[in-house]
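Trainee: Could you take me through one part of this protein in detail? I would like a close look at its salt bridges and at what surrounds them.

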Amino acid sequence: MKASLRVLFGLALVLATVLPATAQYKDMGFMGGVEGGIVYDNNSDADARPGLHERASIACPLSNPFQLELGWGLGALLGKDMRTELIPIDLRLRFCPVHSARMIPFLYGGFGALHFDNSKSPAVTRAGTKYRGWTGVAPAGLGLEYLIDKDWSLEVRGGFNQSLSKDLNTNTKTTTQDSYFSGVLGLRIRLGAPNPDPDGDGLNNKLEKQLGTNPKNPDTDGDGLTDGDEYLKYHTDPLIKDTDTDGLTDGDEVLKYHTDPLKKDTDGDGLTDGDEVLQYKTDPLKADTDGDGLTDGDEVLKYHTDPLNKDSDGDKLTDGDEVLKYHTDPLKKDTDGGTVDDGTEVARGTDPLNPADDVPKIAITEVGKPIVLEGIVFRTNSAEILPASEKILNDAYETLRDNPKIEVAINGYTDATGSRDRNLKLSEARANSVKQWLVKKGIDEKRMTTRGFGPENPIGDNKTTEGKQKNRRIEFVRTK
């Protein structure tokens with residue numbers, strides 16, 4: 001009894017040392033257990049009988065699938081004229097390679113110290129037998145643990161225990177080291193609450209089991225987001241890298257591109273976030289990356305324009321204005337094929353869909369060659385331009401507007417009726433009237449000079465009405 005008390009006291013000291021050291025194993029917690037069963041001598045020359053065996057233990061996990069167990073017990077080897085009391089204290093390593101939700105089969109092996117006492121045997125038949133003392137012992141065996149719930153479990157195990165002493169069995173004449181078998185049924189309880197979240201991902205083990213995630217891996221699908229953030233914060237699938245299947249991982253969507261990992265098309269432009277980032281290089285958060293008035297999706301899928309360039313065809317009109325406002329082709333610089341680009345036509349007021357108005361109304365080509373502006377009429381004996389002249393003057397204006405580098409001389413002529421001096425002054429005044437009309441429309445006056453020639457250089461017969469009408473004219477002469 002005193003020896004047993006000493007053993008228990010020593011065990012208490014060992015546990016006081018071991019428990020703080022093993023407190024790091026928080027993911028599964030400590031397990032305590034009590035067992036009852038039998039031991040049976042393996043070396044008896046006479047009839048061996050099973051003896052009672054009790055054992056208590058405390059265990060802590062090392063790492064899956066290993067568990068470290070410290071135990072102590074009481075038992076007795078019985079045989080004819082023999083009783084050897086045993087007090088084993090051992091450290092065992094349990095190996096659980098596979099398990100189901102309830103059943104955990106395991107192997108174990110270890111080493112320890114064994115106190116034996118055979119002084120109560122009726123007779124000692126072998127000379128030199130040591131009655132009591134300490135020896136080494138090496139237990140090994142297998143067992144099965146059944147989980148009742150998260151805290152309680154039942155287990156059954158059997159094993160072989162090899163001692164380093166020849167004195168456990170006092171009846172045998174053999175001199176080999178003694179050994180014995182053991183078989184126990186036990187009850188285990190969790191002593192320390194397990195860490196509900198061993199991988200630190202924000203999900204407890206129970207929830208991870210329900211979700212199918214790995215409780216030992218904070219990022220089961222390897223997408224850069226923890227399982228907890230996926231399930232609790234972003235509501236993505238922690239088992240799938242790309243929840244919305246848009247070509248970007250959930251982690252990249254949340255952390256890098258700031259897109260919605262639950263929406264294939266965050267900005268609603270008709271392109272998936274993955275296509276925008278990886279293929280078209282557009283902004284998945286902006287429906288219209290280049291700000292031209294067309295969504296990236298419409299540009300890529302419908303109009304085939306460049307979603308990164310406001311003006312795909314380089315005609316100085318945005319793709320959006322071409323499609324939505326002018327109905328021109330954003331892929332053609334000159335939609336109507338009339339030789340003038342859409343931007344120029346819009347700026348000068350002509351129709352970019354009509355090639356007929358692309359050609360200048362007045363073709364001023366060669367320097368020094370006069371061009372008669374037929375249709376400009378004035379009030380009789382006056383420099384006042386009549387409304388009937390509007391069309392030809394507009395043609396002259398558009399020609400100068402569309403050819404900004406051209407400079408012209410505006411020359412005025414009259415017929416031969418009246419005095420020469422009067423006709424010179426009248427022709428110059430009429431040339432100036434034309435110039436001022438063009439200046440008011442926006443043509444720089446520095447591009448135009450004026451001169452009156454009166455009746456000089458007639459192009460018609462001054463003796464006929466038709467000839468006089470031809471002579472009363474305004475001519476443009478290109479000077480540059």
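**A close look at the salt bridges**

Mentor: Happy to. The structure holds 21 salt bridges, and please keep in mind that this is a predicted model. Let's take a few of the pairs in turn.

A good place to start is Arg 188 and Glu 155, whose side chains meet in a salt bridge with an N to O distance of 3.8 Å. Arg 188 belongs to strand E9 (residues 179–190) and Glu 155 to strand E8 (residues 152–163), so this pair links distant parts of the chain, 33 residues apart. How buried or exposed are the two partners? Arg 188 is buried, with a relative accessible area of 3%, and Glu 155 is buried with a value of 3%. Buried stands for under 20% here.

This pair also has company. Arg 188 and Glu 155 belong to a network of salt bridges that links them with Glu 35, Arg 55, Glu 69, Asp 90, Arg 92, Arg 94, Glu 145 and Arg 157.

The strands that carry Arg 188 and Glu 155 have another side to their story. A nonpolar surface patch of about 830 Å² is made by Val 34, Met 103, Leu 144, Tyr 146, Ile 148, Trp 152, Leu 154, Val 156, Leu 185 and Leu 187. Strand E7 (132–147), E8 and E9 each supply at least two of the patch residues, and E8 gives the largest share, three residues. Leu 187 is placed in strand E9 and is partly exposed, at 33% relative accessibility.

Now for a pair within one helix. Lys 391 forms a salt bridge with Asp 395, and their closest N and O atoms are 3.4 Å apart. Both residues lie in helix H9 (residues 390–402), four residues apart, or about one turn of the helix. Why does that spacing suit a pair on one helix? An α-helix has 3.6 residues a turn, so residues three or four places apart point the same way. The two partners differ in their surroundings: Lys 391 counts as exposed at 60% relative accessibility, whereas Asp 395 is buried at 10%.

A third bridge joins Glu 407 and Lys 480, with the closest N and O atoms 4.0 Å apart. Glu 407 sits in the loop between H9 and E11, while Lys 480 is in the segment after E13, so the bridge ties together parts that are 73 residues apart in sequence. Glu 407 counts as partly exposed, at 26% relative accessibility, and Lys 480 is exposed, with a relative accessible area of 51%.

That last bridge brings us to the sheet containing E11 and E13. This is an open sheet of four strands in the order E10-E13-E11-E12, with mixed pairing. Its edge strands are E10 (370–372) and E12 (448–452), each pairing on one side only. On average, neighbouring strands of the sheet are turned by 25 degrees against each other, direction ignored. E10 and strand E13 (residues 474–478) run antiparallel and are joined by three bridges; in this pairing, Pro 370 stands opposite Val 477 in E13. Helix H10 (residues 420–441) packs on the sheet, where it touches strand E11 (408–412), E12 and E13. The direction of H10 makes about 160 degrees with that of E12.

Definitions and conventions
Residues numbered from 1 in each chain as written. Predicted model: local features only at pLDDT ≥ 70, side-chain atom pairs only at ≥ 80, totals over all residues. Heavy atoms only, no water. Pairing = 2+ DSSP bridges. Axes fitted to C-alpha atoms, helices over the stretch in contact; angles between N-to-C directions. Contact = heavy atoms within 4.5 Å. Buried < 20%, exposed > 50% of the residue type's maximum accessible area, 1.4 Å probe, protein only. Patch = residues over 30% accessible without salt bridge, like charges linked within 9 Å, V, L, I, M, F, W, Y side chains within 5 Å. Areas by Shrake-Rupley, 256 points an atom, 1.4 Å probe, with all protein chains shown as cover.
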